[in-house]
Amino acid sequence: MSRTVRDQILSRLAGIRDPERGRDVVASGRISGLTVDEAGIARIMVETTPDRAAATEPLRREIEQAAAGVAGVTRVAAVLTAERTPGRGPGQAPRGGAGHGHGHGHGHSHAPAGPASGSATGPAAGQRPSAPVVPGVTAIIAVASGKGGVGKSTLAVNLALALQARGLKTGILDADVYGPSIPRMLGLQGRPDSPDGKRITPKIGWGLKAMSIGLMVEEDTPLIWRGPMVQGALDQFLRETDWAPLDVLVLDMPPGTGDVQLSIAQRVPLAGAVIVSTPQDIALLDARKGLAMFRKVEVPILGLVENMSWFTCPHCGGRSDIFGHGGARDEALKLGLPFLGAVPLDLDVRIMSDEGRPVVAVAPESEAAAPYHAIAAGVVESLGRVRREPPRIIIED
Ligand code: ADP
């Protein structure tokens, strides 16, 4: 999409010297976010500290002007971002270098450019735990759930395929290290290639670039994953896999809302998250924790999905609301979040995904695939909306 424009901006910015840090603004880690949308609007996040905000303003303006001179850029919004508190979650090894991720913050607050940013108060924090850089990937979206078995991976696969059907170059990264089911659902086997012994060539399943821990270890090898190991494996998969060029990378999160999940939400430059839940109340309670987790790290929630919403009888086509359909829609309404759609409990969905023949790939026009296409449309719409929203000012105590 706008990758080349983004790259051109980056190389233009690499010509600007950072007077405080003595290197160019890209190498110095001054640029903490850079996105260019379809309309050619470039959003650049320029790191500063609350007490240096006013002093950084000339640099911000210089960055803005340089980006505005790149062909294909229609408008530039360069904002100063001032980190407040170091993230509170686990597994956050500070990293150097610029995180050219997406324009949404991870444990740091954004202040708009200009005088307002000078009003930020509070201590300057240490180095921000910046996310790994994923060049050539426009948006990473997480599919998360409060608990296992709600159909999160099935949704992730079919959503990725439905996004692909909309013409987006799409990939899927299985971060569900506890039960990596993406290889099975896409019918993939064998270790991915690594021609140079360093970079990983993703497997291709039904057109999707796919990567999973399940491809790297023997299926019956019991593995005990500690948080830092999960993070390490994930960082590696993000950085060392040849994803580019991708419009969307769907990240199948491990189920739940614990430390491992929080740490992923903090470290991966997520453009947004989709939360999936079954209609049962208890699962909804869990989904609420998921919402809170993403909010804590300022990852926008793209919407809620209700899975196994009702049962369609394979014999008579009749519909039964066995779990009391509608809970997630009500919940979304209450929370002011988009409701992305409901997926029925469908025997074909179960059989096909367990056979490595996901319904959206095999029967894209079928009734069973329709909810996934609708959800994909909602995700694209939500993504557009969260990108257009101006940065928020968050003052933490
Ligand atoms: P999770 O990732 O939340 O653990 P999975 O996606 O692995 O859940 O789904 C668990 C099981 O439920 C799988 O066997 C899958 O095929 C099945 N399943 C998921 N969604 C549906 C659905 N809408 N209809 C029928 N079966 C489903």
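Where is the kink in H2 centred? Select helix H2, residues 53–68; helices here are DSSP runs of H or I with at least four residues, and strands are runs of E with at least two, numbered from the N terminus. The kink is centred on Leu59 and is about 25°, a bend being the angle between axes fitted to the seven residues ending at a residue and the seven starting there.

This is a predicted model, in which local features need pLDDT of at least 70 and side-chain atom pairs count only at pLDDT 80 or more, while totals for chains, interfaces and linings use all residues. Residues are numbered from 1 along each chain as its sequence is written, and side-chain values use heavy atoms, with hydrogens and water left out.

Stay on H2 and colour its buried residues (under 20% relative accessible area, 1.4 Å probe, protein chains only). Among them are Ala53, Thr56, Leu59, Arg60 and Ile63.

Next, select the ligand and the residues with a heavy atom within 4 Å of it. There are 18 residues around the ligand, and the closest are Gly149, Lys152, Ser153, Thr154 and Pro344.

Now show the ligand's polar contacts (pairs of N or O atoms within 3.5 Å). A ligand oxygen lies 2.8 Å from a polar backbone atom of Gly149, and one lies 2.9 Å from a polar backbone atom of Ser153. At Thr154, an N or O atom of the side chain is 2.6 Å from a ligand oxygen.

Finally, select helix H4 (152–165), strand E11 (301–312), strand E13 (339–345) and helix H10 (347–354), each of which supplies at least two residues of the shell. The largest share, 4 residues, comes from H10.

How values were computed. Polar contact = N/O pair within 3.5 Å; in protein donor to acceptor, adjacent residues only side chain to side chain. Expected span 1.5 Å × (residues − 1). Buried < 20%, exposed > 50% of the residue type's maximum accessible area, 1.4 Å probe, protein only.
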